[in-house]
Amino acid sequence: MSQIKQTLTDTIIVSMKAREIERVKVLRNVQAVIKQIEIDRQTELDDAEVLEILQKQLKQRHESLTIFTENGRDDLATKEQFEIDIINEYMPKQMDDAEITALVNAEIAEQGATSMRDMGSVMGILKTKTAGRADPALISKLVKDVLQG
């Protein structure tokens with residue numbers, strides 16, 4: 001079992017004992033998503049794959065948070081923010097913009113990438129190096145900017 005899944009299970013048990021109902025709901029929801037993907041793929045997920053799922057869960061909640069905030073639904077926005085905070089507890093420390101930029105430049109130089117044709121190979125390596133620690137959309141934008149000159 002992956003370390004993150006085990007931590008998630010342990011936290012659910014502790015939260016149930018502490019009667020943190022809302023926290024348990026969020027964690028069980030995340031656990032259910034992970035379990036469903038394992039069933040669909042017929043394999044047990046490792047930590048990198050679990051982090052990818054958590055990243056997607058965060059992205060969905062950020063999108064909902066934006067929509068709720070724009071439409072004045074502070075009650076729902078607060079709920080989404082609560083869920084984001086809980087899921088973030090399982091994410092590794094996020095890289096800052098300077099670290100991401102340095103990593104992008106280093107990878108492009110290492111591969112000798114010069115045009116947009118090389119973007120796929122650069123993104124493939126960077127996706128593994130930054131799994132769960134940086135937004136893939138931001139990385140993609142930075143790679144495009146550098147390759148387009």
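On the other side of helix 7 from its buried residues, Ala137 and Gln148 are exposed. That is a handy place to start looking at this predicted model.

Helix 7 covers residues 136-148, 13 residues in all, and spans 18 Å from its first C-alpha to its last, close to the 18 Å expected at 1.5 Å a residue. Which residues of helix 7 are buried? They are Ile139, Ser140, Leu142, Val143 and Leu147. Viewed down the helix axis, the buried residues lie within an arc of 165°, so they line one face of helix 7. A general rule helps here: an α-helix has 3.6 residues a turn, so residues three or four places apart point the same way. The buried residues of helix 7 pack against helix 5 (97-111) and helix 6 (119-129). Just after helix 7 comes Gly149, with a positive phi of about 75°.

Now let us turn to the largest nonpolar core. It holds 21 residues, and Leu8, Leu27, Val30, Ile34, Val50, Leu54 and Ile87 touch the most other members. Four helices each supply at least two residues of this core:

| Helix | Residues |
|---|---|
| Helix 1 | 3-17 |
| Helix 2 | 21-41 |
| Helix 3 | 47-70 |
| Helix 4 | 74-88 |

Helix 3 gives the largest share of the core, six residues. What does Val30 contact, leaving aside its neighbours within four places in sequence? Val30 is in contact with Leu8, Leu54 and Ile87. Apart from this core lies another, of 14 residues, including Val104, Ala113, Val122 and Leu126.

Terms used:
Residues are numbered from 1 along each chain as its sequence is written. This is a predicted model: local features need pLDDT of at least 70, side-chain atom pairs count only at pLDDT 80 or more; totals for chains, interfaces and linings use all residues. Side-chain values use heavy atoms; hydrogens and water are left out. A nonpolar core is a set of buried Ala, Val, Leu, Ile, Met, Phe, Trp, Tyr and Cys residues joined through side-chain atoms within 4.5 Å. Buried means under 20% relative accessible area, exposed over 50%, partly exposed in between (1.4 Å probe, protein chains only). Contact means heavy atoms within 4.5 Å. The expected span of a helix is 1.5 Å times one less than its number of residues. The arc is that of the directions from the helix axis to the C-beta atoms.
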